[in-house]
Amino acid sequence: MEHTHHEVMEKGYSGENLDDDGREKRTGTMITAIAHIITAVIGSGVLSLAWAVAQLGWVAGPVALMAFSVVTYITSALLADCYRSPDPITGNRNYTYMDVVMANLGGMKVKLCALAQYSTLVGSTIGFTITASISMVAVMRSNCFHKNGHQVECNTSNNPFIITFACIQILVSQIPNFHKLSWLSIFAAVMSFVYASIGVGLSMAKVAEKGHHARTSLTGVTVGIDVSGQEKMWRTFQALGNIAFAYSFSAVLIEIQDTLKSSPPENKVMKKASLIGVSTTTLFYMLCGCFGYAAFGNDAPGNFLTGFGFYEPFWLIDLANICIALHLIGSCRVFTQPIFGFVEDLCAQQWPESRFIKNEYVVKIPFLGPFYLNFFRLVWRTTYMILATLIAMVFPFFNDFVGLVGAASFWPLTVYFPIETYIAQTKIKKYSSRWMWLKILSFACCIVSIVAIAGSIRGLAVHLKTYQQFKLKN
Ligand SMILES: *[C@@H]1O[C@H](CO)[C@@H](O)[C@H](O)[C@H]1NC(C)=O
């Protein structure tokens, strides 16, 4: 980075680039919104879908995948209409999910929404760090297996990869906002196509292999053969939770919508982007879930690329895992943006005079154009990433914990708040048929969320127990 030209500016961005409300002009299009959505939705969830379908079987598995996709699309469309209020097209903008809930519901619900949203975001960013390192460890192990045979124990520590990921995040966290992030989202979305395709391709090849006989069934893992009745119940709960959580992007929806140009109307563009983003995701999920199940049958591993269901061709598995890690760089950055924005807005309101917080310096970087440097942003975002990295390194079960947070926040974030804000904004009559349908949908999803919470608490307990036994033995 070469500092050729410094310039202090009074306000963040130069005057000609302002929107009607004095904020930076938005430049997002449907394409960038779709990229953000795909980057946010297809997290690491896709890798556990073969396992989830194996628990539910050929009937309930695809039905659950379809059902949650439809629910996600419906509630995203409702939330997209609440971006401007009181009217979805001519009303005032709200910049964040919390503002939307504040404008339509108010009171205690704003705090609950903030709690659900920010714990999901913080938990996910830490979870992404861990998942990315697991993928990179899988690359190391797959090379080791290739060289030394499958019987050798190939163990590598996660920590160097977690630290590498953190360093990259510290760099990309300096990208000031969502607008400037589009290229990273587009790159991440492309990566997700690559690894999902490799996963599907490997599964197809395995199904086509001579003498391939993975046991699959209409109802999934079989009571009495694979698992006990109770175990089957818990696993079904966990699988439903995994699938529900795999689709959710409501924690970043309003923030993504707030990048769109004002014409054509943001809510229309956002609805189309959600439809395209969610359908593309659904197609990939169906392929990964169903081909993964066909390939591995009832013993499908929890993560079908790093769980060592496939050993060869090792370079292709390496490529897929590297793509996962690269994709997660984008996902992590998209999920940190609302957290960064929230704290930065809060501090700017608290200390409006502070030059440390306010001043933007333009650094001209050769070939990349001007870069806006702000010392507060530099310090706070770096601190956040360092703390997140420390947590990722210290708690080995953090991803189980993220699953729990995801299960608990699925209903409030993806279903309850979108439906309630929509009802409040459009003033739907109580007990009208539309009102009844929305409430029934909300109630059904609430049950799924409760069941998924129970499943993930139980999963966490089982992991803790085996971990302790493992520690005692060593
Ligand atoms: C959100 O929208 C409402 C309704 O138009 C408006 O009164 C409120 O000021 C907005 N909130 C923010 C933080 O912009």
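**Reading Contacts, Burial and a Ligand Site**

Tutor: Let us begin with one pair: the side chains of Lys 271 and Asp 81 are joined by a polar contact of 3.1 Å. The model is a predicted one, in which local features need pLDDT of at least 70 and side-chain atom pairs count only at pLDDT 80 or more, while totals for chains, interfaces and linings use all residues. Residues are numbered from 1 along each chain as its sequence is written, and side-chain values use heavy atoms, with hydrogens and water left out.

Student: What is a polar contact?

Tutor: A polar contact is a pair of N or O atoms within 3.5 Å; within protein, one must be able to donate a hydrogen and the other to accept it, and residues adjacent in sequence count only if both atoms are side-chain atoms. Arg 93 offers two further cases: its side chain meets the side chain of Tyr 83 at 3.1 Å and that of Asp 258 at 2.8 Å.

Student: Which residues does Lys 271 touch, apart from those up to four places away in sequence?

Tutor: Contact means heavy atoms within 4.5 Å. By that rule, Lys 271 is in contact with Tyr 73, Ala 77, Ala 80 and Asp 81. By the same kind of count, Arg 93 touches several residues, among them Asp 19, Asp 20, Asp 21 and Arg 26.

Student: Is Thr 282 buried or exposed?

Tutor: Buried means under 20% relative accessible area, exposed over 50%, and partly exposed in between, with a 1.4 Å probe and protein chains only. Thr 282 is buried because its relative accessible area is 5%. Its contacts beyond four places in sequence are Met 66, Ser 69 and Tyr 247. Arg 93, at 10%, is likewise buried. Lys 271, at 25%, is partly exposed, and Ala 208, at 65%, is exposed.

Student: In which helices are Thr 282 and Ala 208?

Tutor: Helices (H or I, at least four residues) and strands (E, at least two) are DSSP runs, numbered from the N terminus. Thr 282 belongs to helix H9, residues 266-296, and Lys 271 is also placed in helix H9. Ala 208 is found in helix H6, residues 182-208. Arg 93, in turn, lies in strand E3.

Student: How many residues does the largest nonpolar core have?

Tutor: In soluble globular proteins, nonpolar side chains tend to be buried together. A nonpolar core is a set of buried Ala, Val, Leu, Ile, Met, Phe, Trp, Tyr and Cys residues joined through side-chain atoms within 4.5 Å. The largest one here has 116 residues, and those with the most contacts inside it include Leu 65, Phe 68 and Tyr 97. Helix H10, residues 314-350, gives the most to this core, with 15 residues. Tyr 97 also has contacts beyond four places in sequence, including Leu 79, Cys 113 and Phe 417.

Student: Which residues are around the ligand?

Tutor: A residue is near a molecule if one of its heavy atoms lies within 4 Å of it. Around the ligand are Ser 85, Asn 92, Arg 93, Asn 94, Tyr 95, Asp 99 and Ala 103. An oxygen atom of the ligand lies 2.6 Å from a backbone N or O atom of Ser 85. A side-chain N or O atom of Asn 94 is 2.6 Å from a nitrogen atom of the ligand.

Student: Which elements each supply at least two residues of the shell around the ligand?

Tutor: They are strand E3 (92-93) and helix H3 (97-104).
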